[in-house]
Amino acid sequence: KEGGQRGVDQVLACSLLATIIAVVYMASEGLDDAPIHFEVAPRRSFLLCAYLSHYACCNGDTWASELGVLDPWVPRLVTQPWRSVPKGTNGGMSATGTAASLAAGLFIGAGFWLMSPRVVPDGTPSQLPLVWLGGAMGFGGSLLDSLLGATLQATNYDEEKKMIASDKLHNSNAKGITRVCGMEVLSNEAVNAISVAVTTAAGGFAGAWLMP
């Protein structure tokens, strides 16, 4: 929220689903540390890949936002890449931010892989693809967040302050306020929740393809 702090809605949007997955995993699979192997344990493997993908998406979006503003070039709108937009625009993308989202996902995937069991039964597939799964979900989740933000989340620009207007200001007809992009359909928290949910589910299925 304005001022840099994260509100309750933002925290829940980026953690509630993963918490539910963790509880379901503990209730159904117990606390044993087991590798991902869809052929032997499809439910366990799906839950683990979904959990990884959840945080790869969240981390990808965070790194893209926090590091993307450091890019020396003006960002481009994801739905209209020929159009430059002010920094902080929902749906604005930069080379630095895009690379950061990929790196963030790879970071989560690498951590998951490094903490996976070292001693596994014969026939267990390599767990290394978890790194690539994390990278794909970090990049893909951030891209989906940008697409939703550019289309269904309003971004207004304050001409007087020369900066993106507060999310609390929804009236683009106010004096000195112009609409940059998006419609007033979703809040920032809703955009985060949807992109996280879609990426979480997609990651479970992608894991089955990467690690059958």
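Glu 29 counts as partly exposed, at 24% relative accessibility; here buried means under 20% relative accessible area, exposed over 50%, and partly exposed in between, with a 1.4 Å probe and protein chains only. The model is a predicted one, in which local features need pLDDT of at least 70 and side-chain atom pairs count only at pLDDT 80 or more, while totals for chains, interfaces and linings use all residues. Residues are numbered from 1 along each chain as its sequence is written, and side-chain values use heavy atoms, with hydrogens and water left out.

Glu 29 has a charged partner. Its side chain meets that of Arg 43 in a salt bridge, at 3.0 Å from N to O; the term stands for a side-chain nitrogen of Lys or Arg within 4 Å of a carboxyl oxygen of Asp or Glu. Arg 43 sits in helix 3 (residues 42-68) and Glu 29 in helix 2 (residues 16-29), so the bridge ties together parts that are 14 residues apart in sequence. Helices (H or I, at least four residues) and strands (E, at least two) are DSSP runs, numbered from the N terminus. Unlike partly exposed Glu 29, Arg 43 counts as exposed, at 52% relative accessibility.

By this rule the count of salt bridges comes to two. Arg 179 and Glu 184 also meet through their side chains in a salt bridge, at 2.9 Å from N to O. Arg 179 is partly exposed, with a relative accessible area of 32%, and Glu 184 is partly exposed too, at 47%.

Back at helices 2 and 3, the packing can be followed in some detail. The two helices pack at an angle of about 160°, and their axes are 10 Å apart. Axes here are lines fitted to C-alpha atoms, for helices over the stretch in contact, and angles run from 0 to 180 degrees between N-to-C directions. Helix 2 and helix 3 are therefore roughly antiparallel to each other; angles under 35 degrees count as roughly parallel, over 145 as roughly antiparallel, 65 to 115 as roughly perpendicular and the rest as oblique. Helix 2 passes helix 3 in a left-handed crossing, a crossing being left-handed if the near helix is turned anticlockwise from the far one by less than a right angle, and right-handed if clockwise. Contact means heavy atoms within 4.5 Å, and among the residues that meet in this way are Leu 17, Ile 21 and Tyr 25 in helix 2 and Leu 47, Leu 48 and Tyr 51 in helix 3. Glu 29 and Arg 43 also belong to this contact. Its residues divide into eleven nonpolar, two polar and three charged, where Ala, Val, Leu, Ile, Met, Phe, Trp, Tyr, Cys and Pro count as nonpolar, Asp, Glu, Lys and Arg as charged, and the others, Gly among them, as polar.

A second helix pair is formed by helix 5 and helix 6 (residues 188-210), which pack at an angle of about 150° with their axes 9 Å apart. These two helices are therefore roughly antiparallel to each other, and their crossing is right-handed. Pro 129, Leu 133, Met 137 and Leu 144 of helix 5 are among the residues making the contact, as are Val 191, Ile 194, Val 198 and Leu 210 of helix 6. By class, the contact of helix 5 with helix 6 has eleven nonpolar, seven polar and one charged residues.

Helix 5 has other residues worth a look. Val 131 is in helix 5 and is buried, with a relative accessible area of 9%. Leaving aside its neighbours within four places in sequence, Val 131 is in contact with Leu 106, Gly 109, Ala 110 and Trp 113. Val 131 and Thr 98 are 33 residues apart in sequence, and 17 Å apart in space from C-alpha to C-alpha. Ser 146 is placed in helix 5 (residues 129-152) as well and counts as buried, at 10% relative accessibility. With neighbours within four places in sequence again left out, Ser 146 is in contact with Val 78, Gly 91 and Met 93.

Away from the helices, Lys 162 lies in the loop between strand 4 (155-158) and strand 5 (163-164). Most residues other than glycine have a negative phi. Lys 162, although not a glycine, has a positive phi of about 55°, and Lys 162 is exposed, with a relative accessible area of 58%.

As for the whole, the protein has six helices and six strands, following the pattern α-α-α-β-β-β-α-α-β-β-β-α along the sequence. Its C-alpha trace spans about 65 × 30 × 25 Å along the principal axes. Of its 212 residues, 42% count as buried.
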